[in-house]
Every structure is written in structure tokens, then in C-alpha cells.
Amino acid sequence: MTHVRHDRPTWAGRVPRHKIAELYKKDALGICDEVLIDDVGIGLLVRIENIFRARAANSGIASCPLCQREIPHDFDPAFLLCCESCNWELTWAEYHKSKQGKYLIASGMDPFLKEYVEQYRVARSPQEKMILIDTLIHRYHWELEGGLSGPGARNLIGGKPNEVIDFLNQLSYGTSSSPEILATRQEWLDKVQKSRAQYAEAIKERERKEEKKRQKAEEKNRRRTLREKARQAGQAGRGNAGESAR
Ligand SMILES: [Zn+2]
């Protein structure tokens with residue numbers, strides 16, 4: 001009998017920030033580094049494919065880490081995922097654990113991730129690829145819906161959401177940057193500003209609601225005190241009336 005394999009799936013990590021910084025530095029100077037463009041571009045492509053694979057697994061279709069064959073499961077932690085052709089098996093619990101904490105999230109970036117995959121696969125020139133990379137990493141989650149809830153790059157480039165915004169703000173631009181890239185830069189700065197304004201407004205709205213709640217509670221308390229006083233005054237009045245009747 002052949003040996004059964006239990007490989008845990010591996011997931012492509014986020015693209016390192018230093019590679020992106022290097023890409024923009026060169027682009028701003030008019031240097032076309034095709035190897036670096038492909039390194040970043042394909043890194044993003046593989047990352048996105050892994051995000052989609054993780055999402056499929058979370059929806060009930062895992063895949064064999066050796067041959068990528070789809071394996072349906074029922075979410076029972078003890079469910080045994082099996083691939084007969086690779087002689088591989090692993091419990092759903094183990095499989096699920098392998099993707100946790102890896103930021104494999106599509107969420108409001110879904111349409112942009114799909115668009116990137118479709119277009120990058122057929123892009124030929126390095127300039128075309130550079131624009132696709134640039135467009136993708138400057139997207140916001142839910143930006144088509146006007147939500148601007150967080151930078152999409154946080155699941156594609158290493159770092160915390162705020163670090164990612166600062167990082168993108170500090171990328172290099174120059175006279176050699178293409179008009180498309182400079183236009184995306186301007187749009188990005190506008191989105192950051194709009195997103196921050198939305199966030200500040202949400203905080204104000206929450207404060208307004210809390211203040212309203214506090215005022216309502218205060219009013220309720222005041223009425224209760226008044227009622228209590230009226231009740232006590234009534235009792236005292238009845239007591240006095242009783243005494244004078246005697
Ligand atoms: Zn397999």
C-alpha cells in the first residue's frame with residue numbers, strides 16, 4: 001500500500017512593500033525593469049488566485065494542494081478531504097486552520113481582483129502591466145458602492161491598513177511617470193481624503209446618537225424623580241388631612 005500524504009495547503013503571501021517601492025522609484029526615473037514588473041505583477045496574480053481558492057474552500061469547495069482538484073466538504077471539522085489520484089487526505093479543521101490569519105480576503109475588492117486577473121493575463125507590454133498593478137493597488141474596498149471602507153492593498157501588500165495608506169502616499173512619482181499613473185495618483189489622494197472624511201462623519205454621527213441617548217435617559221430620570229416627589233407630597237397631604245379630621 002502506498003504512503004498517504006497529509007500536506008497542509010500553502011498560501012501565497014502578500015507582495016513585500018520594498019518591491020513595490022522599488023518599482024515606483026524606477027518608474028519615476030523612466031527605468032523600465034521588466035523583470036521587477038513581472039515579479040510584482042505575477043506575485044499579485046498568484047496572491048489573488050489564492051484569495052479566490054480560500055473563498056471557494058470557505059463556501060464548501062476545498063482543493064487538493066497537490067493537483068488543485070476540487071473537493072466538496074460539509075464544514076464538519078472532522079470531515080476528511082481526500083484526493084485519490086494524489087493519495088492525499090486532510091481534515092477540514094486542519095485545512096481551514098492553514099488559511100487563518102493570512103488575510104486571504106476578497107470582500108469589496110472582488111470586482112477589481114477579477115478585472116486584474118483577466119487583464120493581466122493578456123497584457124503584453126510592461127507599461128500596460130505597470131498600469132494594471134498601479135490601478136489595482138490604489139483601489140478601496142467597496143469604492144464602486146461609494147463605501148471607501150479600507151484600502152484593498154491591505155490584503156495584497158504587507159502591512160496594517162494605516163501603514164498601507166502611508167506607504168502608498170509615499171510612493172515615488174516623477175516627470176517620467178505615465179499620465180495614467182499620475183491620474184491614478186490624484187484619484188487615490190482624493191479617495192484617501194474622502195474616506196477620512198467619511199470616517200470622521202461616522203464618529204460624529206455615533207457621538208450624536210450617544211448624546212441623544214444620554215439626554216433621553218436624563219429626561220426619564222427627571223420625570224421619575226418628579227413622580228416620586230408628587231407621590232410623597234400626596235401621602236404627606238393625606239396624612240395631614242387625617243390628623244386635622246381627628
Ligand atoms: Zn490531488
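## A zinc site, a hairpin and a helix pair

Strand 3 (residues 80-83) runs antiparallel to strand 4, and the two are paired through four bridges. Bear in mind from here on that this is a predicted model. Within that pairing, Leu-81 has Leu-90 of strand 4 as its bridge partner. Each strand also has two faces to look at. On strand 3, Leu-81 and Cys-83 make up the covered face, while Leu-80 and Cys-82 sit on the uncovered one. Strand 4 (residues 88-91) puts Trp-88 and Leu-90 on its covered face, with Glu-89 and Thr-91 on the uncovered face. That fits the general picture: side chains in a regular strand alternate between the two faces of the sheet. So the bridge partners Leu-81 and Leu-90 turn up on the covered face of strand 3 and the covered face of strand 4, respectively.

The hairpin formed by strand 3 and strand 4 has four residues between the strands, and Asn-87 there has a positive phi near 55 degrees. We'll come back to positive phi values further down.

### The zinc site

Which residues hold the zinc ion? The protein donors are the SG atoms of Cys-64, Cys-67, Cys-83 and Cys-86, lying 2.3 Å from the ion. Cys-83 is one we have already met, on the covered face of strand 3. The angles that the four donor atoms subtend around the zinc ion are 107 to 112 degrees, so the arrangement is tetrahedral. Read along the sequence, the donor residues follow the spacing C-x2-C-x15-C-x2-C. Cys-64 and Cys-86 link distant parts of the chain, 22 residues apart: Cys-64 belongs to the loop between strand 1 (61-63) and strand 2 (70-72), and Cys-86 to the loop between strand 3 and strand 4.

Are these two cysteines buried or exposed? Cys-64 counts as buried because its relative accessibility is 0%. Cys-86 has a relative accessible area of 18%, so it is buried too; the cut-off for buried is under 20%.

### Helix 4 against helix 5

Next, the helices. The axes of helix 4 (110-122) and helix 5 (residues 126-137) come within 10 Å and cross at roughly 175 degrees. An angle over 145 degrees counts as roughly antiparallel, so that is how helix 4 and helix 5 lie relative to each other. On the helix 4 side, the contact is made by Phe-112, Leu-113, Tyr-116, Gln-119 and Tyr-120; helix 5 brings in Lys-129, Leu-132, Ile-133 and Leu-136.

Gly-41, in helix 2 (residues 34-58), meets some of those residues. Leaving out neighbours within four places in sequence, Gly-41 is in contact with Tyr-116, Tyr-120 and Ile-133. Gly-41 counts as buried because its relative accessible area is 0%. Its C-alpha atom is separated by 17 Å from that of Glu-180, which is 139 residues away along the chain.

### Loops on either side

Most residues other than glycine have a negative phi, so a couple of loop residues deserve a look. Tyr-103 is not a glycine, but its phi is positive, about 55 degrees. Trp-142 is likewise a residue other than glycine with a positive phi, near 60 degrees.

Here is how some of the loop residues are placed:

| Residue | Loop | Relative accessible area |
|---|---|---|
| Gly-101 | between helix 3 (92-99) and helix 4 | 72%, exposed |
| Tyr-103 | between helix 3 and helix 4 | 43%, partly exposed |
| Trp-142 | between helix 5 and helix 6 (161-169) | 38%, partly exposed |
| His-138 | between helix 5 and helix 6 | 1%, buried |

Gly-101 is exposed, and its C-alpha atom is separated by 30 Å from that of Ser-172, 71 residues away along the chain.

What does His-138 touch, not counting residues up to four places away in sequence? Its contacts are Tyr-24, Glu-143, Leu-168, Leu-171, Tyr-173, Thr-184, Trp-188 and Lys-191. His-138 counts as buried because its relative accessible area is 1%.

Methods:
Residues are numbered from 1 along each chain as its sequence is written. This is a predicted model: local features need pLDDT of at least 70, side-chain atom pairs count only at pLDDT 80 or more; totals for chains, interfaces and linings use all residues. Side-chain values use heavy atoms; hydrogens and water are left out. Buried means under 20% relative accessible area, exposed over 50%, partly exposed in between (1.4 Å probe, protein chains only). Two strands pair if DSSP finds at least two bridges between them. Donors are N, O and S atoms within 2.8 Å of the metal (3.2 Å for Na, K and Ca); water is not among the atoms, so sites may look incomplete. Four donors count as tetrahedral if all angles lie between 85 and 135 degrees; four count as square planar and six as octahedral if opposite donors are over 155 degrees apart and all others between 65 and 115; anything else is irregular. Axes are lines fitted to C-alpha atoms, for helices over the stretch in contact, and angles run from 0 to 180 degrees between N-to-C directions. Angles under 35 degrees count as roughly parallel, over 145 as roughly antiparallel, 65 to 115 as roughly perpendicular and the rest as oblique. Contact means heavy atoms within 4.5 Å.
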